[in-house]
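Biologist: Please take a close look at a single part of this structure, and then relate that part to what can be said of the rest. I should like one connected account, with the reasoning made explicit.

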Amino acid sequence: VVLSAEVTGDNLGVARLVGADILAEAHEACLRDRPEVYDDYLVCDITDLDFAESGEISTVTSSFAFHHLSTAEDLGRSFAEIDRVLVPDGGLFLFDFAHLKSADSIEFFATRHAHLQSDFFTEDYRNSLRAAFYLSDIREQYSHYLSHRGKLYSTSPLPLMFAIKSPSRQVDTDRAKRELRGLRQELPAMIERDLKDIVRLFRFG
């Protein structure tokens, strides 16, 4: 989970960037590998963001964190905490797996690139897909806590992923496009193909 306490004037950077993870190892890895990225990196539970005051955070982003939670009630507590710490018009982008409809689908996605990745990665991916919440649970908790913050999107016809996104902000469009284009050009060909597939599935949803 990444939280920014204040967006800078150019709308692309942040004045203060805070990361959060429940694992102390993630904190250590961040300090070791990316010491220049975050102003602070906290070890905490995303169902209890007690380090932040209500309405203190300008933006919350999260990728692939929620499937680590145990129950739909935990998911709701996390959504409620995100709503609590955000400023009234705060930015929001949450992204994670959703639970696929069959074990065969899970196995297909977990192993489709198995020949290119380690056995550990394949097993971790398989377990993440198994642990993901069903869209029905995600929709229920979203409707309780975050529906006023942004829109819920999901892939279709396969419920592989979901995203919750606040309305788009006015940014330096040309600069943003240049930066995103540069990042995309650096992607390996396999990741680029996967990205195109994900975009297509979200459009169908």
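Modeller: Ser168 lies in the loop between β7 and α6, and that residue is a convenient place to begin in what is a predicted model. The relative accessible area of Ser168 is 62%, so this residue counts as exposed. Gly90 is 78 residues away along the chain, yet the C-alpha atoms of Ser168 and Gly90 are separated by 11 Å.

The two elements that flank this loop lead to helix α7. Both β7 (161–165) and α6 (173–185) are included in what covers the buried residues of α7, as are β5 and β6 (151–154). The buried residues of α7 are Glu192, Asp194, Leu201 and Phe202. As to the geometry of α7, its 16 residues should span 22 Å at 1.5 Å a residue; the end C-alpha atoms are 23 Å apart, and the two values therefore agree.

Asp194, found in α7 (residues 189–204), deserves separate mention. Its relative accessible area is 17%, and a residue under 20% counts as buried, so Asp194 belongs to that class. When neighbours within four places in sequence are left aside, the contacts of Asp194 are with Arg112 and His113.

Phe202, another of the buried residues of α7, leads to the aromatic side chains. Phe202 belongs to a single aromatic cluster together with Phe64, Phe93, Phe95, Phe97, Phe121 and Tyr125. Over the whole structure, a search finds nine aromatic pairs. One of them joins Phe64 and Phe95 in an edge-to-face arrangement, with 5.3 Å from centre to centre and 80 degrees between the planes. This pair links distant parts of the chain, as Phe95 is in strand β5 (residues 86–97) and Phe64 is 31 residues away, in the loop between β4 (57–63) and α2. The two partners fall into separate classes of accessibility: Phe95 has a relative accessibility of 16% and so counts as buried, whereas Phe64 is at 31% and so is partly exposed.

Two points of backbone geometry call for attention. Most residues other than glycine have a negative phi, and most peptide bonds are trans. Phe64, although not a glycine, has a positive phi, near 55 degrees. The peptide bond from Ser156 to Pro157 is cis, and its omega is near 5 degrees. Pro157 is placed in the loop between β6 and β7.

The loop that holds Phe64 runs between β4 and α2, and α2 takes part in a helix packing of its own. Helix α2 (residues 72–85) packs with helix α5 (residues 135–145) at an angle of about 35 degrees, the axes being 9 Å apart. The crossing of these two helices is right-handed. On the α2 side, the contact is made by Ala72, Leu75, Gly76, Phe79, Ala80 and Asp83; these meet Asp137, Ile138, Gln141, Tyr142 and Tyr145 of α5. Sorted by class, the residues of this contact comprise seven nonpolar, two polar and two charged. An α-helix has 3.6 residues a turn, so residues three or four places apart point the same way. The α2 residues in the contact include Ala72, Leu75, Phe79 and Asp83, and the α5 residues include Ile138, Gln141 and Tyr145.

Note on methods
Residues numbered from 1 in each chain as written. Predicted model: local features only at pLDDT ≥ 70, side-chain atom pairs only at ≥ 80, totals over all residues. Heavy atoms only, no water. Axes fitted to C-alpha atoms, helices over the stretch in contact; angles between N-to-C directions. Helix = DSSP H or I, 4+ residues; strand = E, 2+ residues; numbered from the N terminus. Left-handed = near helix turned anticlockwise from the far one by under 90°. Contact = heavy atoms within 4.5 Å. Nonpolar A, V, L, I, M, F, W, Y, C, P; charged D, E, K, R; others polar. Phe/Tyr/Trp six-rings, centres within 6.5 Å; stacked < 30°, edge-to-face > 60°. Buried < 20%, exposed > 50% of the residue type's maximum accessible area, 1.4 Å probe, protein only. Expected span 1.5 Å × (residues − 1).
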